[in-house]
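Work through these short exercises with the structure open. Try each task before you read its solution.

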2 protein chains.
Amino acid sequence: MKESLEYVYKEQKELSIYSGIGALLGWDQMTYMPSDGSSDRAEQTALISRLAHEKTTADALYDHVRKLNETITFAQLKEHDKLVVTRLKKDLEKTRKIPSAFIEKISKTTTLAYQAWEEARAKKNFYHFAPHLEKIIELEKEYCTYINLPGHPYNSLLDDYEEGMTVDILKKEFTYLRKNLIEILDKIKTSTLFQKQKPFQKTLSIENQKKLCNYFIKKMNLSKTKFRLDVSTHPFTTSIGNNDVRITTNFERKNPLFSFYSTIHEVGHALYELNLPQNEYKDTVISDSPSLGLHESQSRFWENMIARNKHFWVFFYPVFQKIVPKKFTTIALDQWYRIINQVQPSLIRVEADELTYCLHIILRFELELMLITDEIKVAEVPDIWDQKIQNYLGVRPHNDVEGALQDMHWSGGSFGYFPTYAIGSIYAAQLFQTLLKHHPDTLQNIEQGDFASIITWLQNNIHQYGRLMTADDIIKTCCGEGLNSQRYISYLKDKYYTLYNI
Amino acid sequence: MKESLEYVYKEQKELSIYSGIGALLGWDQMTYMPSDGSSDRAEQTALISRLAHEKTTADALYDHVRKLNETITFAQLKEHDKLVVTRLKKDLEKTRKIPSAFIEKISKTTTLAYQAWEEARAKKNFYHFAPHLEKIIELEKEYCTYINLPGHPYNSLLDDYEEGMTVDILKKEFTYLRKNLIEILDKIKTSTLFQKQKPFQKTLSIENQKKLCNYFIKKMNLSKTKFRLDVSTHPFTTSIGNNDVRITTNFERKNPLFSFYSTIHEVGHALYELNLPQNEYKDTVISDSPSLGLHESQSRFWENMIARNKHFWVFFYPVFQKIVPKKFTTIALDQWYRIINQVQPSLIRVEADELTYCLHIILRFELELMLITDEIKVAEVPDIWDQKIQNYLGVRPHNDVEGALQDMHWSGGSFGYFPTYAIGSIYAAQLFQTLLKHHPDTLQNIEQGDFASIITWLQNNIHQYGRLMTADDIIKTCCGEGLNSQRYISYLKDKYYTLYNI
């Protein structure tokens, strides 16, 4: 037993080291790497992935894990060892369902597909990417036969990102969500305030944008000894070690607050990463988030529920006005609060406002389902995309870059990933409502720029669990119910009906 | 044969990938890593080192290499394959002399020794480090018994950094060098100009320092797609991929030109790295420098022979004066040339001027020899150090941080490393004299800021060979003779006797 335990902890430790190395290779590629380094970098990343994969699928590891899970041995384990070996067994059994040859096949296919996706974007034409997408969909279907979860085949894809989530649940939640989002949007569109609103076009210097980001980071007590902010094309968060979490932003976007809100978003992810269980769970399968949806709930929570909240700006507007140039300071708080929450249906997901964002996600979810079940052909994607976005948001792409080519996820074979963005938004609203119930003084604290109790509450109710429970169980324990888009809709109605005097 | 060839190229390729990953881990640690990342980073680095070591010492690799080196097989190989497998066999046979247990022992010992060295520095007391140094010296002696080269035991240490170099050669060269350096220094000390000279104490903003560095980098045609300049405590150069070489500098030192000259120094290393043989030699044991001394010759060449040359400043002074503030621009070129070449005996190697630098090296070489042959005890090091530096330079440390604790090399077990700094300086002078003979228009080109023909000459005479020859053979081929400190002394006399009107 002792030998097996030592073995499985040693292997998890090494996997954690590989994960950190892989994260550094990725971080550097997106931030500082000279462009000609890319071909060697691809080989460096591939080698680390292969070594980690070999370790995860090694028979020796599984044999030891199985031994530890045998009834008599298991009963003798300490409580935390039980939790680790149970989780690890489940993970390994899933991974071992997938043949190595399949991993190689999908890796080669997605490498070519990514290049084709970039070329298709350059040519603004989906059909350069279509044959690759067809291959990927065939592989995704093959993957589903290996994992073979009950119910809809797509459940096997969802499970990689959101363990236990099913098409049945999502169809129900997303149908409600879509119907209500469109309803709210329609009401807003007919409001006087919407019809009078103009795009906000003031610019803010990079220097001032940096000041705003750094002010917030400092306010959140993120220590320089464990955390960095750098620049990349697309903002992201990555963990390079247990005490080394890095986020990125981009200061060049036209929206003057893009960097500020993306920093807050990534800070939400970073706080979660830095608070994952350590001590007996350090470098084990437990010290991770149980789902992408729950991770996204942390970033959306800070970005939307906190930092687009009126109470936040009561505190932050005086700070903001000291940092930014005069052209901003003539705007009254009420007006400013409206500006940063302006609803404006648009074509690009990553630029969408808080209200319309989830319609972009639902569209992709619906397309993915139809593709996986052969209800539609790949060649039909652009037309169906354009039709759907017209129906949901009333806007129409001028070309495929504004439509079906905008996101890279499909080129990487990440089917089942998109829904987690909406799940995160729904969870965030559920958490915010629960927080306000548990701590009615929260809004006052926000108005005073005091976020400490919120951070502690998230640590206690979300972060500390790591993968000791599924996301669903964590949310149920905290909020008294699982995924519930009614809570999100009620939050959005409260907010936007007030904003647009409806 | 085909199978063996494929195998050895595949393994060299993977070793090259490991090397790049290791380099990135090191680069990040010295530049951007949040400080709390250090304990995970140590484990990441150790894992990559272990994997690379296992690959290098694997029996399968050696078996294939041996097969390829068998007479009949070898005869059938292509020319470049012959060179690769010959070089590889030599490397592996050396590595395989060292027991794995020894590698582990020295790795653990140096980890503790490095910590002790840092503590000793904090306490400014050598005796906290002494017991660790004793252990390291015992291990160095053990290492010599494994490698067991003919002649002096220290030859086995030298060979790791400067293949083929011996104590006999160095003793002869360094004796001549020391005697003549002291003689030149004594003459300078009695000169009127030396007695009247004052320390240069003007400061230069970081912004202006950066402008100077970037101007030079651009002038050297170093492409942003293959090269970066970042900041670290101690400047260094590292190769993360065949087309990804990075240097660092430090803008915070008191000397206003420290960052400029350290950048030029590292650019010399970077040019060499970027010009190492590719094509059939890419990712093989050939695509590397044959010795640290030859590598150092490239950095010293640009730093001293070119960028501290009067002709360089004829070109650069007008550029410089446009960048820096007015307080500098009142200085005439002649006076400025004297300032940047001021001789000032001092205690710290890395701050030494061009003339006195090698005396710091010779001192360490002499101490290392005595330690390895038990002529002196570790406990005697501080006293002997202080006495020697008094004899050679006429200055005396106030504490051990200014003396025997100033460099980290011994804590890492790098005995035999220091001499390469002096070898590099000597080689650089030999190369410069040969270049002037081959291309008498060089000084004119420098005056016009045209460095292209110098770069090409270095490519053709040094860089392109990689490890196809030893450093000694490369220098002999180019300069018509091996290491010759008379050339260096004659260069220094020309320069400094003119500077000090002697």
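**Exercise 1. The area between two chains**

How much area do chain B and chain A bury between them, and what percentage of it is on carbon and sulfur atoms?

Solution. Keep in mind that this is a predicted model. Start with the idea: the size of an interface is often given as the accessible area lost when the parts come together. Here chain B and chain A bury about 2,900 Å² between them. Of that area, 55% is on carbon and sulfur atoms. Next, look for the big contributors. Tyr32(B), Pro34(B) and Asp36(B) supply 18% of the area that chain B buries against chain A. No other three residues supply more. Last, count the residues. Chain B gives 35 residues to the contact, and chain A gives 35 residues.

**Exercise 2. Charges and polar pairs across the contact**

Find how many salt bridges link chain B and chain A, and locate two salt-bridge pairs.

Solution. Begin with the principle: side chains of opposite charge can pair when their charged atoms come close. The count between chain B and chain A is 8 salt bridges. For comparison, the structure holds 75 salt bridges over all chains. Now take one pair. The side chains of Asp36(B) and Lys226(A) meet at 2.7 Å, N to O. This distance is within the 4 Å cut-off for a salt bridge. Take another pair. Asp28(A) and Arg246(B) form a salt bridge at 2.8 Å, N to O. Asp28(A) lies in helix α1 of chain A and Arg246(B) in strand β3 of chain B, so the pair joins two chains. Finally, add the polar contacts: 18 residue pairs between chain B and chain A, with both residues at pLDDT 80 or more.

**Exercise 3. The side of chain B that touches chain A**

Which element gives the largest share of this side of chain B?

Solution. List the candidates. α1, α2, β1, β2 and β3 of chain B each supply at least two residues. The largest share, 10 residues, comes from α1(B). Then sort this side of chain B by class: 14 nonpolar, 8 polar and 13 charged residues.

**Exercise 4. Two crossing helices**

Describe how α19(A) and α23(A) are arranged, parallel or perpendicular.

Solution. Find helix α19 at residues 419-438 and helix α23 at residues 485-499, both in chain A. Their axes come within 8 Å and cross at roughly 75°. Angles from 65 to 115 degrees count as roughly perpendicular. α19(A) and α23(A) are therefore roughly perpendicular to each other. Now inspect the contact. Residues of α19(A), including Ile426(A) and Phe432(A), meet residues of α23(A), including Tyr488(A) and Tyr491(A). By class, this contact has 5 nonpolar, 5 polar and 1 charged residues.

Definitions and conventions. Residues numbered from 1 in each chain as written. Chains lettered and ligands numbered in written order. Predicted model: local features only at pLDDT ≥ 70, side-chain atom pairs only at ≥ 80, totals over all residues. Heavy atoms only, no water. Contact = heavy atoms within 4.5 Å. Buried area = accessible area lost by both parts, 1.4 Å probe. Polar contact = N/O pair within 3.5 Å; in protein donor to acceptor, adjacent residues only side chain to side chain. Helix = DSSP H or I, 4+ residues; strand = E, 2+ residues; numbered from the N terminus. Nonpolar A, V, L, I, M, F, W, Y, C, P; charged D, E, K, R; others polar. Axes fitted to C-alpha atoms, helices over the stretch in contact; angles between N-to-C directions. Parallel < 35°, antiparallel > 145°, perpendicular 65-115°, else oblique.
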